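Biologist: I should like to go through this fold step by step, with the reasoning set out for each point. Shall we begin with the structure itself?

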Amino acid sequence: MADKVVGATRILDRHRVVVRSHPHQELLAGRGIAAAVIPDGVDTEQFRPRPEEDLRRQHKLDGVTVIGVLGSLIWNPRWQMCYGWELVELIERLRDLPVKGLVIGDGSGLEVLRAQCAARGLEDRIVFAGRIPYDDLPRYLNLMDICLSTQTNDTAGQVRTTGKLPLYLACGRFVLASEVGEAARVLPSEMLVPYCGMKDSGYSGRLAARVRSLLERPERLEQRNASIQIAQAHFDYNVLAGRLRETLCELTASRLGGRKLETLQELEQVRGRKA
């Protein structure tokens with residue numbers, strides 16, 4: 001299903017503006033440009049809650065609350081940040097609690113984050129798993145009790161639906177996301193944390209306060225069904241396939257005098273005749 005949705009979206013990209021979030025759609029609408037919303041999705045059969053006690057022990061994460069982040073660790077020298085910068089600061093603020101960090105991903109920022117951990121004496125508090133094959137990602141995401149999804153509060157961050165958010169939710173994880181863009185639209189308030197500008201120096205402090213509050217009543221982290229329902233409602237490939245089909249029908253009807261095409265093959269045939 002994932003391959004079919006991605007392939008069909010590529011066809012649609014050549015005929016109509018396609019964006020990955022509703023805030024992006026609204027931005028373009030304000031400029032008189034119509035756009036279809038097809039966000040990044042997830043296979044909710046592949047990504048689902050599962051116990052990974054052996055993997056927890058292997059990475060010495062048993063008996064603690066694991067806060068994690070997934071992403072490409074590309075270091076931004078101007079802003080001195082990449083995915084995971086807020087996690088390092090957060091774990092430092094939570095030294096007194098049984099909490100550890102988990103970073104999945106690699107890139108130019110990996111060694112910078114490692115060096116920051118060493119400078120702060122956090123080498124034993126954050127696990128760097130590196131790049132994980134996609135098929136193994138569900139196992140590692142299920143190690144996380146809290147997943148961070150941080151987007152900058154600027155135009156770039158506001159119009160994105162980061163691909164990691166659907167994966168976190170489908171695995172039934174509790175998410176703490178910056179209150180920006182599509183996350184602010186689909187997540188409940190207890191999962192949203194205010195974020196200001198490009199790099200918010202106060203964000204890690206707000207995250208730490210939220211985590212402390214959650215750990216005072218850790219049962220609030222056990223919202224697997226709520227997270228899964230959000231993933232199924234907004235990001236499941238089956239849902240996105242239906243949305244894509246409707247968009248294609250609208251597109252072909254407007255271009256073919258009201259006649260709707262029912263299959264992607266028919267759309268390709270029409271495109272080939274026009275080429």
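Biologist: How many bridges join strand 3 to strand 4?

Modeller: The model is a predicted one. In it, strand 3 and strand 4 run parallel, and one pairing between them sets Val69 opposite its bridge partner Val103 in strand 4. The number of bridges joining the two strands is six.

Biologist: Which residues of strand 3 lie on the side opposite to Thr65, Ile67 and Val69?

Modeller: In a regular strand, side chains alternate between the two faces of the sheet. Six of the six residues of strand 3 are buried, so this strand is largely enclosed by the rest of the structure. Thr65, Ile67 and Val69 take one side, and the other side, covered as well, holds Val66, Gly68 and Leu70.

Biologist: In what order do the six strands of the open sheet stand?

Modeller: Strand 3 is joined to strand 4 by six bridges and to strand 6 by two. Strand 6 pairs with strand 7 over four bridges, and strand 7 is joined to strand 8 by two. The pairing in the sheet is parallel, and the order is 5-4-3-6-7-8.

Biologist: Which strands stand at the edges of the sheet?

Modeller: An edge strand here has a single partner strand, so one side of it is left without a neighbour in the sheet. The strands in that position are strand 5 (126–130) and strand 8 (192–193).

Biologist: Which residue of strand 8 is the bridge partner of Ala177?

Modeller: Ala177 of strand 7 is the bridge partner of Ser149, within the parallel pairing of strand 6 and strand 7. Strand 7 also runs parallel to strand 8, to which two bridges join it. In strand 8, the partner of Ala177 is Leu192.

Biologist: Which residue of strand 6 is the bridge partner of Ile67?

Modeller: Strand 3 and strand 6 run parallel and are joined by two bridges. In strand 6, Ile146 and Leu148 point one way while Cys147 and Ser149 point the other way, and all are buried. The bridge partner of Ile67 is Ile146.

Biologist: What is the distance from the sulfur of Cys147 to the nearest cysteine sulfur?

Modeller: Cys147 is buried, with a relative accessible area of 0%. The structure holds zero disulfides. Cys147 is accordingly in no disulfide, and the nearest cysteine sulfur, that of Cys171, is away by 7.8 Å.

Biologist: How many residues has the largest nonpolar core?

Modeller: In soluble globular proteins, nonpolar side chains tend to be buried together. In this model, the residues with the most contacts inside the largest core are Ile67, Leu90, Ile104, Leu141, Leu176 and Leu187. Leu176, leaving aside its neighbours within four places in sequence, is in contact with residues including Ile146, Leu148, Met191, Val193, Leu207, Val211 and Leu214. The number of residues in this core is 66.

Biologist: At about what angle does helix 10 run to strand 7?

Modeller: Helix 10 comprises residues 203–216 and lies across strand 3, strand 4, strand 6, strand 7 and strand 8. Another helix, helix 4 (residues 85–93), lies across strand 3, strand 4, strand 5 and strand 6, and runs at about 170 degrees to strand 4. For helix 10 and strand 7, the angle is about 155 degrees.

Biologist: Is Trp85 buried or exposed?

Modeller: Trp85 lies in helix 4 and, not counting residues up to four places away in sequence, touches Leu113, Tyr195, Lys199 and Asp200. Its C-alpha atom is separated by 9.1 Å from that of Gly109, 24 residues apart along the chain. With a relative accessible area of 5%, Trp85 is buried.

Biologist: What is the relative accessible area of Ser227?

Modeller: Ser227 has its place in helix 11 (residues 224–234). Not counting residues up to four places away in sequence, Ser227 touches Leu169, Gly172, Arg173 and Met191. Ser227 is buried, and its relative accessible area is 1%.

Biologist: What percentage of the 275 residues in the protein is buried?

Modeller: The secondary structure comes to 13 helices and eight strands. Among contacts with a separation of 6 or more, residues 24 or more positions apart account for 71%. The protein exposes about 13,200 Å², of which carbon and sulfur atoms supply 48%. The buried residues make up 49%.

Methods
Residues are numbered from 1 along each chain as its sequence is written. This is a predicted model: local features need pLDDT of at least 70, side-chain atom pairs count only at pLDDT 80 or more; totals for chains, interfaces and linings use all residues. Side-chain values use heavy atoms; hydrogens and water are left out. Buried means under 20% relative accessible area, exposed over 50%, partly exposed in between (1.4 Å probe, protein chains only). Contact means heavy atoms within 4.5 Å. Accessible areas come from the Shrake-Rupley method with a 1.4 Å probe; for residues, only the protein chains shown count as cover. Two strands pair if DSSP finds at least two bridges between them. A nonpolar core is a set of buried Ala, Val, Leu, Ile, Met, Phe, Trp, Tyr and Cys residues joined through side-chain atoms within 4.5 Å. A disulfide is a pair of cysteine sulfur atoms within 2.5 Å. Axes are lines fitted to C-alpha atoms, for helices over the stretch in contact, and angles run from 0 to 180 degrees between N-to-C directions.
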